[in-house]
Amino acid sequence: MKIRARSVHPKARAFVRAFTLIEVMIALTIFFLAIVSILGSVSRSLGAARSLQQKFPDISALVADLMLTNRVEEGTGGGDFGDLFPGYAWTGYTNQIATNGLFQIDFVIRSVGGRQSVEWTNSIYLWRPDSKVATFGRR
């Protein structure tokens, strides 16, 4: 028994089609251009979101030190935030506003470097009756 190869009619071959190498390369080029443009857009969006989350110092660390003591003295003090917020400095002004030991403490925070100069003031009130009361010039 002989097995003979079947011959395919020439017109039947015309219906068998496939992608050529050029078509595949063009499709991959278009795909990668789209992916690169999407990733570039996402990268720019993340950079913009990161710049909006710029961290500024607040007075919470400064107030925490004052809350640990029962005595407050009138005067001025200052310093910086160290490595936590480089480029920022603070000044505190303590004033007694009542003879019963009520003090107002104003904190002024300044940026000491950078592109723009920023300054803002925060105030707190502390009642510290054990503090030294200055009677000079008060009623």
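Helices (H or I, at least four residues) and strands (E, at least two) are DSSP runs, numbered from the N terminus. This report describes a predicted model, in which local features need pLDDT of at least 70 and side-chain atom pairs count only at pLDDT 80 or more, while totals for chains, interfaces and linings use all residues. Residues are numbered from 1 along each chain as its sequence is written, and side-chain values use heavy atoms, with hydrogens and water left out.

**Overall arrangement**

The protein contains three helices and four strands, which follow one another in the order α-α-α-β-β-β-β along the sequence. It has 139 residues, of which 19% are buried; here buried means under 20% relative accessible area, exposed over 50%, and partly exposed in between (1.4 Å probe, protein chains only). Contact means heavy atoms within 4.5 Å. Among the contacts with a separation of 6 or more, 43% are between residues 24 or more positions apart.

**The strands and their pairing**

Two strands count as paired if DSSP finds at least two bridges between them. The pairings are listed below.

| Strand pair | Sense | Bridges | One pair of opposite residues |
|---|---|---|---|
| β1 (residues 75-80) and β2 (residues 88-96) | antiparallel | six | G75 and T94 |
| β2 and β3 (102-111) | antiparallel | nine | A89 and R110 |
| β3 and β4 (residues 119-127) | antiparallel | nine | V108 and T121 |

Strand β1 lies largely in the open, because the number of buried residues among its six is zero. Strand β3, by contrast, is mostly covered, with eight of its ten residues buried. Further along the pairing of β1 with β2, T76 has Y93 of β2 as its bridge partner. Five residues separate the strands in the hairpin of β2 and β3, where G101 takes a positive phi near 100 degrees.

**Two threonines of strand β2**

T94 belongs to strand β2 and counts as buried because its relative accessibility is 12%. This residue stands opposite G75 of β1 and also opposite I105 in β3. Neighbours within four places in sequence aside, T94 is in contact with V72, E73, E74, G75, F103, Q104 and I105.

T91 is likewise placed in strand β2, and its relative accessible area of 17% makes it buried. With neighbours within four places in sequence again left aside, the contacts of T91 are T76, G77, G78, D106, F107, V108 and R110. The side chains of T91 and R110 are joined by a polar contact of 3.4 Å. A polar contact is a pair of N or O atoms within 3.5 Å; within protein, one must be able to donate a hydrogen and the other to accept it, and residues adjacent in sequence count only if both atoms are side-chain atoms. R110 is also the bridge partner of A89.

**The second largest pocket**

A pocket is found on a 1 Å grid over the protein atoms alone, as an open set of points where a 1.4 Å probe fits, with protein on both sides within 12 Å along at least five of seven lines; lining residues have an atom within 4 Å of a point. The second largest pocket holds about 160 Å³ of space. Its lining consists of 13 residues, and L66, W90, G92, T94 and F107 lie nearest the centre. At least two residues of this lining come from each of α3 (60-67), β1, β2 and β3. By type, the lining of the second largest pocket divides into five nonpolar, five polar and three charged residues.

Methods:
Points joined across faces, edges and corners; volume = space filled by probe spheres on them. Nonpolar A, V, L, I, M, F, W, Y, C, P; charged D, E, K, R; others polar.
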